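User: Hey, I've got a protein model open and I'm not sure where to start. Can you walk me through some of it?

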Amino acid sequence: MNLIKHKISASIVIYNTPEYQLSRLLKCIELSKIINHTYLIDNSPNPSNLDLYKLPWVTYIASKSNAGYGAGHNHALRIAIEKFDFHFVLNPDIYFESEAIISMITRMCQDASIGQLMPKVIYPDGSLQYLCKLIPTPFDLFLRRFLPAPLKVLAQQKADTFELRFTEYKYEMNVPYLSGCFMLFRNSCLKEVGLFDERFFMYPEDVDISRRMHVKYKTIFFPGALIVHDHAKESFKSKKMLWIHVVNMCRYFNKWGWFFDAERKAINEKTLKTLEILNK
């Protein structure tokens with residue numbers, strides 16, 4: 001399959017990102033040789049090493065104000081969506097081999113009904129990150145974090161279902177919520193579904209866009225490609241980030257519904273039924 005005919009872009013949003021992380025990711029992109037252009041959106045108060053951004057295939061954009069993760073990527077997507085066929089949304093704390101990028105684009109080209117794709121994601125120590133999920137309820141995303149100890153076991157059981165752990169992530173799955181740490185979009189589908197909702201400063205923007213895409217197209221977990229995510233789970237470490245997480249999740253549920261969300265119920269039930277059959 002000739003991948004050269006496809007035009008491919010990527011965007012990275014940074015905020016006081018360690019230089020070694022960004023340098024490592026840019027090197028991965030360069031070595032892949034099939035990502036034609038990368039948009040680097042800098043939400044930091046002050047840019048660091050400007051020489052690092054002076055690459056012929058990188059457009060550096062210094063944000064006038066930090067409007068958030070989704071808004072940063074939208075800055076790039078509004079340009080890229082008219083010029084390129086596929087677009088990667090990348091966290092700066094990831095890295096990968098060139099074969100992963102090639103495998104993902106190849107899979108997208110095989111099935112025009114795939115609007116969004118996420119690879120298998122692991123920690124640096126090789127352990128799996130459970131990033132394929134159902135559409136969340138308020139309990140799934142933050143209420144369980146505040147439960148008393150006697151109820152933690154029940155909460156974990158529900159979390160295991162929410163993260164689809166029973167599948168062991170062994171096969172390709174069409175799931176309604178894919179993590180925003182590494183997203184591959186078909187731009188023609190994004191034009192129809194819409195970009196990131198900028199009401200969300202950080203965290204639920206990936207839930208929202210995956211859900212909207214899933215209603216119209218396949219949102220695929222693809223274990224045929226592997227990337228490494230050096231994830232820090234900031235909301236578990238910082239009270240400020242926890243507050244940002246909670247506030248933005250409230251905005252998400254205000255948009256879609258808190259405890260009464262018929263679409264969520266129907267999608268989750270269909271997803272579980274399909275995956276339970278595949279898992280037998």
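**A buried tyrosine and its surroundings**

Analyst: Sure. Let's start with Y169, which is buried, with a relative accessible area of 1%. Keep in mind that this is a predicted model.

User: Okay, where is Y169 in the chain?

Analyst: Y169 is in the loop between α5 and β8. Its phi is positive, about 55°, although Y169 is not a glycine.

User: Why mention glycine there?

Analyst: Most residues other than glycine have a negative phi.

User: Got it. What about E168, what's its phi?

Analyst: E168 has a positive phi of about 60°, and it is not a glycine either. E168 lies in the loop between α5 (152–162) and β8.

User: And is E168 buried or exposed?

Analyst: E168 is partly exposed, because its relative accessibility is 48%.

User: Switching topic: which residues does α1 cover, and how far does it reach?

Analyst: Helix α1 runs over residues 19–32, so to speak, 14 residues in total, and reaches 20 Å from its first C-alpha to its last. That is close to the 20 Å expected at 1.5 Å a residue.

User: Which residues in α1 are buried?

Analyst: Q21, L22, L25, L26, C28, I29 and S32. Looking down the axis of α1, the buried residues fall within an arc of 155°, so they line one face of the helix.

User: Why would residues spread along a helix end up on one face?

Analyst: An α-helix has 3.6 residues a turn, so residues three or four places apart point the same way.

User: Nice. What covers the buried residues of α1?

Analyst: The cover includes the strands β1 (8–14), β2 (37–42), β3 (58–62), β4 (86–90) and β5 (94–96), along with the helix α3 (98–110).

User: And what follows α1?

Analyst: K33 does, and its phi is positive, near 65°.

User: Now α7. How many of its residues are buried?

Analyst: 10 of its 12 residues are buried, so α7 is mostly covered. Among them are E205, D206, R211 and R212. As for length, the end C-alpha atoms of α7 are 18 Å apart, which agrees with the 16 Å that its 12 residues should span at 1.5 Å a residue.

User: Does anything in α7 come up elsewhere? I'm curious about pockets.

Analyst: Take the second largest pocket, with a volume of about 210 Å³. Its lining gets at least two residues each from β8 (173–174), α7 (205–216) and α10 (262–278).

User: Which element gives the largest share of that lining?

Analyst: α10, with 6 residues. By class, the lining has 5 nonpolar, 4 polar and 2 charged residues. H214, V215 and I220 are among the lining residues.

User: I220, okay. What about Q116, what is it in contact with?

Analyst: Leaving aside neighbours within four places in sequence, Q116 is in contact with residues including I220, I209, S210 and M213. Q116 lies in strand β6 (residues 114–122) and counts as buried, at 0% relative accessibility.

User: Last one: where does K133 sit?

Analyst: K133 is in strand β7 (residues 132–133). K133 is buried, with a relative accessible area of 15%, and the cut-off for buried is under 20%.

User: What does K133 touch?

Analyst: Not counting residues up to four places away in sequence, K133 touches F162, E163, L164, V175, P176 and Y177. K133 and F162 are 29 residues apart in sequence, and their C-alpha atoms are 5.5 Å apart in space.

Technical notes. Residues numbered from 1 in each chain as written. Predicted model: local features only at pLDDT ≥ 70, side-chain atom pairs only at ≥ 80, totals over all residues. Heavy atoms only, no water. 1 Å grid on protein atoms, 1.4 Å probe; cavity = no way out; pocket = protein on both sides within 12 Å on 5 of 7 lines; lining within 4 Å. Points joined across faces, edges and corners; volume = space filled by probe spheres on them. Helix = DSSP H or I, 4+ residues; strand = E, 2+ residues; numbered from the N terminus. Nonpolar A, V, L, I, M, F, W, Y, C, P; charged D, E, K, R; others polar. Expected span 1.5 Å × (residues − 1). Buried < 20%, exposed > 50% of the residue type's maximum accessible area, 1.4 Å probe, protein only. Arc of directions from axis to C-beta. Contact = heavy atoms within 4.5 Å.
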